[in-house]
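Me: I would love to go through a model with you, a few questions at a time. Could you put it up here?

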Amino acid sequence: MTDGHGDTDSKKANAAAEEWKSLLAGYSDVVLVANSDEVNIEELKARFPDTTLFIFFNKVFKVLNEPFTRPSLLLSRSGTLGANLVKSGKVDKVLPYFDMRTFHGVVNVKAGPNEQLSPASAFGDVHVRHLDLTEVFTPFYQPTSVPTTGFALCFWLTTLDLGARITLAGFSSKRSERYKVLDVHDWTFEQVLLRLMFRKGKINIVGREAANPYANLSAHFPEYTPADIALTANEIIDERLGNLSSIVDRLMDVTRFLRFVDRTWKSLKPKSRKQRRWDEMEKKKTDR
C-alpha cells in the first residue's frame with residue numbers, strides 16, 4: 001500500500017518514461033555527447049546514421065563551433081537555485097549552436113534532492129521538458145554525492161527498453177587542460193557501473209573495448225584464478241595510489257604559499273549573487 005505522495009511520484013515517473021519512449025521511437029541510435037576534449041563532432045556525425053539523436057549537455061560551446069544540424073536535444077542540469085544555464089545567463093549563448101529545424105528542445109533535469117527545476121519560460125522560445133531523476137538514484141548512489149547529468153540520463157534510458165542503441169561519447173571522467181572534473185560526483189562509482197553496463201551490452205562507449213584484459217588473463221593463464229588476479233590488481237593499485245599520495249604531499253608543501261595567496265585573494269573578492277543567495281538559504285536553515 002502506498003500513500004498519495006508515492007502514487008503521484010509513480011505517475012510522474014511513468015508519464016516521463018512514456019514521453020521519452022514516444023520521443024525516441026523513430027531513432028536507431030541515441031548518442032550522449034560529453035563536453036570533453038576527447039569528442040570529435042565530425043567523426044561522430046560520420047560514424048552514426050541519419051536515424052540518430054544526439055544529446056548534448058549544458059555549455060555545448062565546449063564541443064560545438066557551429067550550429068549542429070542533426071536531430072538533437074540539450075540537457076540543462078539544475079542546481080540549488082535552478083537550471084545552471086539560466087542562473088549563469090548562458091541560455092542565449094548555447095541555443096545558437098543548434099539548428100531549430102532539427103532541435104527537439106531543452107530538458108531541464110535534476111538528480112539530487114536539493115536541486116530545483118526552472119520554469120520553462122526561463123529558457124526563452126524553445127520547447128522545454130522537465131525530468132526529475134532523484135528517486136532513481138536514491139536507493140544505490142553514494143548519498144554524499146550526486147550523479148553527473150550524463151550518467152544519470154544514460155542509466156535511466158537503459159531502464160526504458162527503448163530499442164535504440166545508447167552510446168556514450170567522451171565520458172571518461174578525465175581532467176583536461178580546459179575542463180575541470182567536479183568533486184560533487186562519484187566518478188569512480190559511475191565509471192564502474194558504466195563499464196559493467198557496456199560489457200553486458202546495455203550501452204556502447206566510443207573508444208572502449210568490450211573485452212576486459214584482466215578477465216582474459218585467467219583464460220590465458222588458468223593457473224591464476226580470477227580471485228588471484230583481482231587481489232593482485234588491487235595490491236598494485238594500492239601501491240600506485242600510495243606513491244601518488246607521497247607526490248601530492250610534496251606538491252602541497254611546495255605550493256603552500258601559492259594556496260595562501262589564493263585564499264587571501266578569494267576572501268577579498270566580493271561575493272557573487274549566487275554565493276549571497278546560498279548564504280541566505282543556509283542562514284535561514286540555521287535560524288529555524
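Reply: Happy to; some notes on the model come before your questions. This is a predicted model, in which local features need pLDDT of at least 70, side-chain atom pairs count only at pLDDT 80 or more, and totals for chains, interfaces and linings use all residues. Residues are numbered from 1 along each chain as its sequence is written, and side-chain values use heavy atoms, with hydrogens and water left out.

Me: Which side chain of opposite charge is nearest to Glu 190?

Reply: Glu 190 sits in helix H7, residues 187-199 (helices are DSSP runs of H or I with at least four residues, strands E runs with at least two, numbered from the N terminus). Glu 190 is buried, meaning under 20% relative accessible area with a 1.4 Å probe, protein chains only. Glu 190 has no salt bridge (a side-chain nitrogen of Lys or Arg within 4 Å of a carboxyl oxygen of Asp or Glu). With Lys and Arg counted as positive, Asp and Glu as negative, and His and the chain ends not counted, the nearest opposite charge lies 7.3 Å away, on Arg 77.

Me: In E8, what is the bridge partner of Leu 168?

Reply: Strand E7 covers residues 165-169, and four of its five residues are buried. E7 runs parallel to E1 (residues 29-33), joined by five bridges, where Leu 168 is the partner of Leu 32. Two bridges also join E7 to E8 (residues 204-205), again parallel, and two is the minimum number of DSSP bridges for strands to pair. There, the partner of Leu 168 is Ile 205.

Key:
Buried < 20%, exposed > 50% of the residue type's maximum accessible area, 1.4 Å probe, protein only.
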